[in-house]
Amino acid sequence: TTIAPQALALFNGAFSRAEAVHFARRVAAESGADPSARARRAVRLAFSRPPSAAEVAGAVRFLRAKADLHRREGHADPDLRALADYCHVLTNANEFLYVD
């Protein structure tokens with residue numbers, strides 16, 4: 001079963017966030033700097049399937065918007081930070097958490 005504190009821990013917990021950063025580093029190392037390649041690799045690793053074109057397009061928009069936000073806020077390595085945010089989203093998705 002899933003309880004509210006479990007969901008909150010996955011979304012807000014330090015461990016979950018740290019694992020998303022590790023995941024993002026792996027994705028970046030394996031796919032290069034291209035946002036669409038990063039999105040495809042991240043989905044493939046998280047869900048064991050290729051992403052749809054719509055998923056890639058949405059991910060690229062997300063990655064660019066988050067990188068711009070991190071850049072405006074003066075964070076170091078905004079592209080990797082954006083990728084970590086995306087990886088965090090993927091690892092909180094039902095498709096990642098539950099096997100059909």
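In the predicted model, the largest pocket is lined by Leu10, Phe15, Ser16, Glu19, Ala20, Phe23, Thr91, Asn92, Phe96 and Leu97. Two elements, α2 (14–31) and α6 (94–97), each give two or more residues to this lining. The greatest contribution comes from α2, which supplies 5 residues. Classified by residue type, the lining comprises 6 nonpolar, 3 polar and 1 charged residues. The volume of the largest pocket is about 160 Å³.

Helix α2 consists of 18 residues and extends 26 Å from its first C-alpha to its last, close to the 26 Å expected at 1.5 Å a residue. Its buried residues are Ser16, Ala20, Phe23, Ala24, Val27, Ala28 and Ser31. These residues lie on the same side of α2, because the arc that they cover around the axis is only 135°. Ala14, Phe15 and Ala29 are exposed and occupy the face of α2 turned away from the buried side. Ser16, Ala20 and Phe23 are thus among the buried residues of α2 and are also included in the lining of the largest pocket. Phe15, likewise part of that lining, is instead one of the exposed residues on the face turned away from the buried side. Just after α2, Gly32 adopts a positive phi of about 85°.

Helix α4 (residues 53–72) was examined in the same terms. For its 20 residues, a rise of 1.5 Å a residue gives an expected span of 28 Å, and the separation of 29 Å between its end C-alpha atoms agrees with this value. Within α4, the residues Val56, Ala59, Val60, Leu63, Ala67 and His70 are buried. They are placed on the same side of α4 because they cover an arc of only 105° around the axis. The buried residues of α4 pack against α3 (35–47) and α5 (78–91), whereas Ala54, Arg61 and Arg72 are exposed on the other side of the helix. After α4 comes Gly74, with a positive phi near 80°.

The loop between α3 and α4 contains Ser52. This residue has a relative accessibility of 35% and therefore counts as partly exposed, the range for that class lying between the cut-offs of 20% and 50%. Ser52 and Leu90 are 38 residues apart along the chain, and their C-alpha atoms are separated by 14 Å.

Conventions: Residues are numbered from 1 along each chain as its sequence is written. This is a predicted model: local features need pLDDT of at least 70, side-chain atom pairs count only at pLDDT 80 or more; totals for chains, interfaces and linings use all residues. Side-chain values use heavy atoms; hydrogens and water are left out. On a 1 Å grid over the protein atoms alone, a cavity is a set of points where a 1.4 Å probe fits but cannot get out, and a pocket is an open set with protein on both sides within 12 Å along at least five of seven lines; lining residues have an atom within 4 Å of a point. Grid points are joined across faces, edges and corners, and a volume is the space filled by probe spheres set on the points. Helices (H or I, at least four residues) and strands (E, at least two) are DSSP runs, numbered from the N terminus. Ala, Val, Leu, Ile, Met, Phe, Trp, Tyr, Cys and Pro count as nonpolar, Asp, Glu, Lys and Arg as charged, and the others, Gly among them, as polar. The expected span of a helix is 1.5 Å times one less than its number of residues. Buried means under 20% relative accessible area, exposed over 50%, partly exposed in between (1.4 Å probe, protein chains only). The arc is that of the directions from the helix axis to the C-beta atoms. Contact means heavy atoms within 4.5 Å.
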